[in-house]
Amino acid sequence: MRYPNSLMTLTQRAARALEIALLLAVFAVAIILIRPHGNFPLDDDWDFAMPTWHFARTGQFHFSQFTAVSLRALELWGAMWTRAFGESFEVLRASTLTLSAATIILVNHIMARAGIVRSLRIITTLVFMFHPIFIWASCTYMTEVPYVFASILAFLFFYRGISEARTGFIVAGCAAAFVATFVRETGVEILAAALVVLLLAKPKNRRAAAVTIGVALALFAAIFLFRREWLTGSPEELSNHFRMWTEATFRTPEQIAVVADYATWNAQNAALFFLPLSLILLFARRQWSRGEALLAGVIAVPIFVRVNDAISRSLPMPYFSLTGNFMLGNILTNWGLGPPTLSEVWSRQYDYPFTASMPWRLALTWGSALLAALLVATIVINVARRPTTFTLLAAAFAVVGTAGLCASGIYVDRYAWDAAWSAGLLLPFFVPWERRVARVVAIAALVAVAVFDVGSMQEYFSWNRARWTGYRELLARGIPPVAIDGGSEPFNLYEVAGVTQKRRRQLIFAHPPQTYVISFHALPGMRVEREIPFEGWFGRHHGVVYILRRTVSGTSY
C-alpha cells in the first residue's frame, strides 16, 4: 500500500523539477536574446562595483561618498565572484543573474506551497520573471535583485514559521531579513511586517516567535544606535535621502501629500509591472457589497486625482526625470527599459530616438490608474474578507514596504519592485483563473510583456555597447575623461567616484563644456567625428550613437 504513495511522491517531485527546469530554460533563453555583455557600468552600479572590487583585493569595506545603502552583504557576494572569475562588470552581472534564477525558483516554490494550481503557478512565476524592473535589474549589479531575493527568502521562512508554528523558521526568517538589511537598510521593515502578522495569526509558538523577532529588532536598534555606519556606505548621502522630513517648510499638508503620492505611484507601478495578473481582475465575476464598492471608490479617488494632475501638466507615463516630487522614472522610459543616460536625453533637452507616441502614453497612464485602483481594492477587500497567514503576510510586506518609501525624498519606478513585489504573490489568490477568457488574456499579456522586455533590453545593451565603444576610442586617442561628455555612467565612474559630495556638486553644476560629446543626436555647434550604429528590437529599430567635437564654445548639453 505504501509503494503507490511513494511512487506518486517521486512522480510529483519529478514533475516539480521539470517545471522549474523549464522555467529556468525560459529565463536563460530571454537572457541569451538580450545579450547583456559588455564591461561597463549601468545606472548606479558603478557605485556598488568599486567597493566590491576593493573588498575582493583587500578584505576591507570602503565606500564612495554616494553609497546610501548598507551594501555589505552584496559586497561579500560580489567579492566571491570577483575572486573566482576576475574583476569586471560582466562577472558582477553574472552574480546577479544567479540570484535572479534563485528568485524564480523561490517564487515557484512559494506558489506551490500555497496551493496555487499548476497553470496559475507557472504563469505567476513567469510574470515575476518578466517583471520589467526585475529583468532590467537582473542584467546589472544594482541592489534590487539581491534585496528582493533575501526578502522573498525571509517571506518563505516567516510563512512557514507562523503557519506551521515552527520557531526555527522564524529564526531563519530573521536571518534572511538581516541579509536584506545589509543590502538595503530598509530590510528592517521585513521584521516589522512579520511581527504584525504573527500577532494577528496567533500561532501556537506565538510567544517564542515574538521573542525571536523582538530580539532581532532590538539587535537592529543596537546597530542603529551604536554602529550606525554599518547601515550605510555614506551617512551624508543617506541623510540626503531623508532631509525632506527635517525641513521646517515640510509640514503636515506636505507630509500627507507625499504619503498619498508615493502610495499612489507604487500602486500604479505595481499594477503595470504585474500586468498579466492585474489585467484579468477586470474579468472577476464576484460582486462586491455596497460597502465594499464604496471602499473601492474611496481607494480610486486619490489615484485618479494624482494621475489627472500629471496629465494636466503634460506628464503622462512613462514618467521620467521630472521636477519636484514628480521624479517617477527612470527605468521604464519612452519605448523601452533602461535609463537613456546620454546627456542630451538625460537632461530632457532631446527625446530618446525611439519614443512612445502621446496617445499610447495617455492610454498607459489611464489604464495603469484603473488597474491600480482595482488591484488595491481587490487586495484590501479580499484580505479583510478571508484573511489567511499567507495573504496577511504578503499584504503586510507590501504595505510596510510602501510606507517605508515615504521616508525617502525621492520616488523612482524601480522602488515598486523593492517595496511591493509581494503584491504579485497576492494576486493569484484573487484572479478569476477559472474563466477561460481570463486565462487567454493573461497569457496574451504575458507574451506582450515578455516581448517588450526582451526587445527593449536588447536595445538597451546595444546602444550602451555603442556608447562605450566611442568613449574608449576617445580614451585610446589620449583624450582625458574630463574632456568627454559620455553620459551619466562614464562621468560618475571616471570623475565622481573618488570625490567628496561638495566636489561632486561643483562638477555637476560648474563643469565647463567638454570638447567631445557622445550623443544620440547630431547637436548644433558640434561636428560629427564618427557614427556608431546600434540596433534595437532585433532589427525593428536602427539608431546611431554620435561622437561629436565641439566647434562653438559655450554650448552645453
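**Exercise 1. A salt bridge beside an unusual backbone angle**

Task: In this predicted model, determine whether glutamate 164 is buried or partly exposed, and then identify its salt-bridge partner.

Solution.
Step 1. Glutamate 164 has a relative accessible area of 29%. The limit for a buried residue is under 20%, and an exposed residue needs over 50%. Glutamate 164 is therefore partly exposed.
Step 2. The partner of glutamate 164 is arginine 166, and the closest N and O atoms of the pair are 3.0 Å apart. A salt bridge requires such atoms to be within 4 Å.
Step 3. Arginine 166 is also to be classified. Its relative accessible area is 41%, so arginine 166 is partly exposed.
Step 4. Alanine 165 belongs to the loop between helix H7 (144-163) and H8. Its phi is near 55 degrees, a positive value in a residue other than glycine. Most residues other than glycine have a negative phi. Alanine 165 is partly exposed, at 28% relative accessible area.

**Exercise 2. A salt bridge between buried residues**

Task: Which parts of the chain are tied together by the pair aspartate 418 and arginine 184, and are these two residues buried or exposed?

Solution.
Step 1. The two side chains meet in a salt bridge, with an N to O distance of 3.4 Å.
Step 2. Aspartate 418 is in helix H18 (residues 415-420), while arginine 184 is in the loop between helix H8 (167-181) and helix H9 (188-201). The pair therefore ties together parts that are 234 residues apart in sequence.
Step 3. Aspartate 418 has 9% relative accessibility and counts as buried. Arginine 184 is buried as well, with a relative accessible area of 14%.
Step 4. Both residues belong to a network of salt bridges that links Asp43, Asp44, Glu144, Arg184, Arg414 and Asp418. The count for the structure comes to 19 salt bridges.

**Exercise 3. A second link between distant parts**

Task: State where arginine 477 and glutamate 529 lie, and how many residues apart they are.

Solution.
Step 1. The side chains of arginine 477 and glutamate 529 form a salt bridge of 3.4 Å, N to O.
Step 2. Arginine 477 is in the loop between H20 and strand E3 (484-485), and glutamate 529 is in strand E5 (residues 526-536). The two are 52 residues apart, and the pair links distant parts of the chain.
Step 3. Glutamate 529, at 31% relative accessibility, counts as partly exposed.

**Exercise 4. A buried arginine without a salt bridge**

Task: Which backbone oxygen does the side chain of arginine 361 reach?

Solution.
Step 1. Arginine 361 lies in helix H16 (residues 358-385). Arginine 361 is buried yet has no salt bridge.
Step 2. The nearest side chain of opposite charge is that of aspartate 351, 6.5 Å away. A salt bridge needs a distance within 4 Å.
Step 3. The side chain of arginine 361 reaches the backbone oxygen of proline 316 at 2.8 Å.

**Exercise 5. Further backbone features**

Task: Which peptide bond is cis in the case of proline 318, and where is tryptophan 537 placed?

Solution.
Step 1. The bond from methionine 317 to proline 318 is cis, with omega near 0 degrees. Most peptide bonds are trans. Proline 318 is in the loop between helix H14 (290-312) and strand E1 (332-333).
Step 2. Tryptophan 537 is in the loop between E5 and strand E6 (541-550). Its phi is near 50 degrees, again a positive value in a residue other than glycine. Tryptophan 537 is buried, with 15% relative accessible area.

**Exercise 6. An enclosed helix and a cavity**

Task: How many residues of helix H21 are buried, and which element gives the largest share of the lining of the largest cavity?

Solution.
Step 1. Eight of the nine residues of H21 (residues 488-496) are buried, so this helix is largely enclosed by the rest of the structure. Among the buried residues are Phe491, Leu493 and Val496.
Step 2. The structure holds two cavities of 30 Å³ or more. The largest cavity contains about 60 Å³ of space.
Step 3. The residues lining the largest cavity include Thr333, Tyr352 and Trp463. Strand E2 (336-337) and helix H20 (436-476) are the elements that give two or more residues to this lining. The largest share, four residues, comes from H20.
Step 4. By class, the lining has four nonpolar, four polar and one charged residues.

Notes:
Residues numbered from 1 in each chain as written. Predicted model: local features only at pLDDT ≥ 70, side-chain atom pairs only at ≥ 80, totals over all residues. Heavy atoms only, no water. 1 Å grid on protein atoms, 1.4 Å probe; cavity = no way out; pocket = protein on both sides within 12 Å on 5 of 7 lines; lining within 4 Å. Points joined across faces, edges and corners; volume = space filled by probe spheres on them. Nonpolar A, V, L, I, M, F, W, Y, C, P; charged D, E, K, R; others polar. Buried < 20%, exposed > 50% of the residue type's maximum accessible area, 1.4 Å probe, protein only. Lys, Arg positive; Asp, Glu negative; His and termini not counted. Polar contact = N/O pair within 3.5 Å; in protein donor to acceptor, adjacent residues only side chain to side chain.
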